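Subject: Structure for you to look through

Dear colleague,

I am passing on the structure below, together with notes on what was found in it. Please keep the view open while you read, so that each part can be followed on the model.

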Amino acid sequence: MRIPPYHWWRTVFYLIPAITLYTIVLGAASIVSSLFDRRGYFAHGCARAWSWLILKTTGVRVRVEGLERIRPGTTYVFVSNHQSIYDTPVIFATLPYQLRIIAKESLARFPVLGWHLRRGGHLFVDRRHPDRGGILRRWRALVSEGLSLIIYAEGTRSADGHVARFKAGSFLLAIEAGLPIVPVAVVGTRQVMPKNRLRTEPADVTLIIHDPIQPPVLDAPTPRDAKALAERVHAIVAAAVEQRQFSAV
């Protein structure tokens, strides 16, 4: 019988209970705060504290590059690759913006986490029957409140660390809303916890922020326009990930 490695035991008997506790306490505080803070600012503070605690407990050290390329107070659509469930804590703990995510509808059914996301103003999308008009209205409402969005444009976590093709749907909405897009490359979270592995390990992670891209001004943008923008952003993110993650392999 093979004995699991040390980090499996550490994950199961230390990290999972600790993160569960963080989620319950800060998620409850977030939900209660929604009764008097409709914009979700306090809830976002809870999410940042939750993220910081997870990274600190796990032993994840984050280095940020390019933060000077974006302006405080500006509403952005941050588009990132997706390597691990640790991407979200890294981004929330690092970017000094009021962030809201676009999540799949199934996340709304998770106790505490789903309630926090819904009450905190995050967007849920039914991938089988997306309501583009409703999502666009929500995007514009977020802009009026000075909030930014984070999108994992691959649609799911990478199985091998390479950046998969970006889905064009969100880029069409970005063109219609006229929001600047910031390509973000997350490098190293796959070493913390890759997809389909119940084990976490301490690691160094780099978050690379690229120059904002202003989408084209079009009266009637088409899926082809969105695809071209998605490919442009994908090329920037993929090049950064490939250079940092695989150049030394």
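To begin with a definition, helices are DSSP runs of H or I with at least four residues and strands are runs of E with at least two, both numbered from the N terminus. Counted in this way, the protein chain has eight helices and seven strands. Please bear in mind that this is a predicted model.

Some overall values come next. The protein chain has 249 residues, of which 48% are buried, and its accessible surface comes to about 12900 Å², with 59% of that belonging to carbon and sulfur atoms. If one takes the contacts between residues at least 6 apart in sequence, 75% of them join residues at least 24 apart.

A good place to start looking is the pair formed by helix α1 (residues 6-33) and helix α2 (residues 41-58), whose axes come within 9 Å and cross at roughly 170°. Angles over 145 degrees count as roughly antiparallel, and therefore α1 is described as roughly antiparallel to α2. The residues that make this contact include Tyr14, Ala18, Tyr22 and Leu26 of α1, and Phe42, Trp50, Leu53 and Thr57 of α2. Sorted by class, the contact of α1 with α2 has 14 nonpolar, five polar and one charged residues.

Two residues of these helices can be followed one at a time. Thr57 lies in helix α2 and, with a relative accessibility of 11%, counts as buried; leaving aside neighbours within four places in sequence, Thr57 is in contact with Arg10, Tyr14, Leu15, Ala18 and Tyr22. Val12, for its part, is found in helix α1 and counts as partly exposed, at 21% relative accessibility. With neighbours within four places in sequence again left out, Val12 is in contact with Pro17 and Leu198. The C-alpha atoms of Val12 and Leu198 are separated by 8.0 Å, although these residues are 186 residues apart along the chain.

The interior is the next topic. In soluble globular proteins, nonpolar side chains tend to be buried together. Here the largest nonpolar core has 31 residues, and those with the most contacts inside this core are Phe78, Ile91 and Leu95. The elements that give two or more residues to this core are α1, α2, α3 (87-94), β3 (99-104), β5 (148-152), β6 (181-187) and β7 (203-209), and the largest share, four residues, comes from β7. A second, separate core has 24 residues, including Ile175, Ile181, Ala226 and Ala230.

Helix α3 deserves a closer look, because six of its eight residues are buried, so that α3 is largely enclosed by the rest of the structure. The buried residues in α3 are Asp87, Pro89, Val90, Ile91, Phe92 and Thr94. Of these, Ile91 is in contact with Ser80, Leu99, Ile150, Tyr152, Val186 and Leu207, if its neighbours within four places in sequence are left aside.

Finally, which residue has a positive phi although it is not a glycine? Most residues other than glycine have a negative phi. Asn196, however, has a positive phi of about 65°. Asn196 is placed in the loop between α7 (189-192) and β7, and at 76% relative accessibility Asn196 counts as exposed.

With best wishes

Note on methods. Residues numbered from 1 in each chain as written. Predicted model: local features only at pLDDT ≥ 70, side-chain atom pairs only at ≥ 80, totals over all residues. Heavy atoms only, no water. Buried < 20%, exposed > 50% of the residue type's maximum accessible area, 1.4 Å probe, protein only. Contact = heavy atoms within 4.5 Å. Areas by Shrake-Rupley, 256 points an atom, 1.4 Å probe, with all protein chains shown as cover. Axes fitted to C-alpha atoms, helices over the stretch in contact; angles between N-to-C directions. Parallel < 35°, antiparallel > 145°, perpendicular 65-115°, else oblique. Nonpolar A, V, L, I, M, F, W, Y, C, P; charged D, E, K, R; others polar. Core = buried A, V, L, I, M, F, W, Y, C linked by side-chain atoms within 4.5 Å.
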